[in-house]
Amino acid sequence: MMRAATNGRRLAAAILLSSTFIGTSAQADTLREALVSAYNTNPTLRSARAQQRATDEEVPLQRSQGLPSVTATANHIEFLRTSPNSFTAPERRFTIGPDLQVPVYSGGAVKNSIKAAKERVAAGQADLRGTESAIFSQVVAAYMDVLRNEALVALTENQVQVLTVNLEATSDRFEIGDLTRTDVAQSESRLAVAAGDLRGAEANLISARETYIQLVGEAPDNLEPPPPLPGLPETVGQAVVSALENNPDLIAARERADAAGFDSEVAGSGRLPTFGLFAGLDYTDYFGTLGGPISSDFAQTETTMNAGVQVTIPIFQGGRPAAQQRQAYARESAALEQVIATERSVIAQVRAAWSSWQAANAIIESSQSAVSAAELSLEGVRAENSIGNRTILDVLNAEQELLSARAQLVTARRNAYVAGFSLLAAMGRAEARDLNLDTGGPLYDPQINYDRVKGKFFDWDRDPEPQANSTRTVDIPAPDATIAAEQESGDAAPQ
C-alpha cells in the first residue's frame, strides 16, 4: 500500500509540473502557434477587417460629393397625336446629350464630411486593434484553460487510482479484523466522490477544448507551457499611464468624438449658399418629320450647347438646418461623454487586471507552500496510520488536502497568466505587433487598404468577389478527455 501511494504521489507531481510549466515533446502545440492560427483564420477577426475596409470607403464616398459629375441622357419619342394648330410638329424625335455639374462651394459640407470620415477610419482602425487584442485574450484564456483542465483531470485520475488502492487495502485489513466496517465505508465514499469529480473534470476539459477549437480553428494537441509575458509593468500607475495612451477602445472613442465635431459643422452648412457650374450638350434628330409637308425647309438635326453658373441661397427651410445642428451638437456631447466613460472603464480594467495578476502570483507562492506541507503531512499520516496512531479518515482527509492544494496551484498559475495578458491587453500591448508573431507573411495593416482606396474616383473600379476565408471546424472530430502521456517525474525539474 505504501509503495502504491508513493507511486501515486510521484505521478501526481509529474502531472502537475508537466501540465503547467515543464517542457513537453517537440511535437506539441505552442501558444504562439495558437495565436498565429487565430490571427490568420479566426472569422471574427477577419470580419472586423472587412468591416474596416467598408469604413475606408466612406472617405471617397464623401469626397465624391465635391467632384464633377457627368451624366448622359437619351430618349426617343413617337408623337402619336399632335396639336392641329402645330403645323411643324414632328412625328418622332431622338435626343441625346451629356451634362456636366461642377460643385464649387457647398457651405463647407463636403470638406467637413471628408474630415469626419477620416476620423471614423482612424476610430475603426483602433477598433480593429481592440478586436485583435480581445481575440488574443480569448485564445490565451482558452489555451490556459485546456492546460489547467488537463492537469485537473490527471490529478483527479490519480486520486481515483490512489483511493482505489486505499479501498483495497482497507478491505483487506477489514477482512483480518484490523479495521472496522466504518473505515471501509469511508474509503468507498471518498472513492465515489472522486469518481464523480473525475467525470466533472473531464466534461470541463472537453468544453475547454471545444472553446479552443472555436477560437483557433484547430484541435489542441499536447500543448506546451506558455512563454513568459513581455512588457508587464512594475507598478499599477505605469499600467494606467500606458493604457491612457495606447488602449484602442479609448483611442477609438476620442476619434469618434472628433468625427462628431465635424458632423456638427456639416449640419450647420445647411444655412449657407451653394455655388456650382454646369454645362450641357444636346443633339436632336427629327428623322425628317419636322415641318410636315414642308419638312425640307427645316433642319432635321440640331446640336445645342449651354453653360452657366448656379447659385442656391436658402432663405427659409422650416427650421430644418437648426434642428439638424442641435441634433448634431447633442450627438457630439454624447460622444464626448463616451470618451470619459471609456476612460473610466479602461482605468478600472487595468487596475482590476493588475490586482488579479498580483493576487494570483501570491496564491501561487502560498499554494506551492501548501503542496509541500500537504505532501509531508500525507506521508506522516500514512506512516502513523500503519502503526495505528491515525485512522483511515485521517489518511483520506490528508489526501484530499493535497489534491486541493495541487488543484489550487494549477488554477493560480492559469489565473496569473490570463490576468497578466489581460493587463497587457488593457494597456494596448497585446496585439500581433507587440507579440512579434511570425504569421507566415506581413502583419495585416489596415492603412494599406485605406491608402489604396482613398483617392479612387473611377466608377468601374471593382474589387474581387467576396468569399469566406476563415477555417471551418465542422471536420474536426469532437474532442474527448484523454490526456497525452506525460514525462516521468524523475525526468522533470521545476524551472
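**Close-up views of a predicted model**

**View 1. G388 in its loop.** With a relative accessible area of 58%, G388 is exposed. As with every view here, we're looking at a predicted model. G388 belongs to the loop between α9 and α10. Pick E401 as a partner and you'll find that the two residues are 13 apart in sequence, while their C-alpha atoms are 21 Å apart in space.

**View 2. F79 and R92.** F79 sits in the loop between β1 (69–78) and β2. Is F79 buried, partly exposed or exposed? F79 counts as partly exposed, because its relative accessible area is 31% and that class runs between the 20% and 50% cut-offs. Here, too, the partner is 13 residues away in sequence: from F79 to R92, the C-alpha to C-alpha distance is 5.6 Å.

**View 3. A nonpolar patch on the surface.** Roughly speaking, this patch covers about 1000 Å². Its members are V104, Y105, L272, F275, L277, V309, V311, I313, I315 and F316. Which strands each supply at least two of the patch residues? They are β2 (92–105), β3 (274–285) and β4 (301–312). Zoom in on L277 and you're in strand β3; at a relative accessible area of 35%, L277 is partly exposed.

**View 4. Two residues with positive phi.** As background, most residues other than glycine have a negative phi. N222 isn't a glycine, yet its phi is near 50°. You'll find N222 in the loop between α6 and α7 (236–246). F287, also not a glycine, has a positive phi near 55°, and its place is the loop between β3 and β4. F287 has 40% relative accessibility, so it counts as partly exposed.

**View 5. The second largest cavity.** Rolling a probe the size of a water molecule over the atoms shows where empty space is left. Searching the whole structure turns up 3 cavities of 30 Å³ or more, and the second largest holds about 50 Å³ of space. The elements that each give two or more residues to its lining are α5 (109–175), α6 (181–216) and α10 (392–426). Which of the elements gives the most to this lining? That's α6, with 4 residues. The full lining reads Q159, L163, R190, V193, A194, D197, L396 and Q400. Sorted by class, that makes 4 nonpolar, 2 polar and 2 charged residues.

**View 6. The R209–E150 salt bridge.** Side chains of opposite charge can pair when their charged atoms come close. The whole structure has 19 salt bridges, one of them between R209 and E150, whose closest N and O atoms are 2.9 Å apart. This pair ties together distant parts of the chain: R209 is in helix α6 and E150 in helix α5, with their positions 59 residues apart in sequence. Both partners, R209 and E150, are buried.

**View 7. The R382–E399 salt bridge.** Here the side chains of R382 and E399 meet, with 2.5 Å from N to O. R382 comes from helix α9 (residues 320–386) and E399 from helix α10; the two are 17 residues apart, and the pair links distant parts of the chain. Why does R382 count as buried? R382 does so because its relative accessibility is 3%, and the buried class takes anything under 20%. E399 is buried as well, with a relative accessible area of 2%.

**View 8. K454 with D451, and a salt-bridge network.** The side chains of K454 and D451 form a salt bridge with an N to O distance of 3.7 Å. Are these two buried or partly exposed? K454 is partly exposed at a relative accessible area of 33%, and D451 is partly exposed too, at 39%. Elsewhere, R129, E431 and R433 are linked in a network of salt bridges.

How values were computed. Residues are numbered from 1 along each chain as its sequence is written. This is a predicted model: local features need pLDDT of at least 70, side-chain atom pairs count only at pLDDT 80 or more; totals for chains, interfaces and linings use all residues. Side-chain values use heavy atoms; hydrogens and water are left out. Patches are made of residues with over 30% relative accessible area and no salt bridge: like charges are joined within 9 Å, nonpolar side chains (Val, Leu, Ile, Met, Phe, Trp, Tyr) within 5 Å. Accessible areas come from the Shrake-Rupley method with a 1.4 Å probe; for residues, only the protein chains shown count as cover. A salt bridge is a side-chain nitrogen of Lys or Arg within 4 Å of a carboxyl oxygen of Asp or Glu. Buried means under 20% relative accessible area, exposed over 50%, partly exposed in between (1.4 Å probe, protein chains only). On a 1 Å grid over the protein atoms alone, a cavity is a set of points where a 1.4 Å probe fits but cannot get out, and a pocket is an open set with protein on both sides within 12 Å along at least five of seven lines; lining residues have an atom within 4 Å of a point. Grid points are joined across faces, edges and corners, and a volume is the space filled by probe spheres set on the points. Ala, Val, Leu, Ile, Met, Phe, Trp, Tyr, Cys and Pro count as nonpolar, Asp, Glu, Lys and Arg as charged, and the others, Gly among them, as polar.
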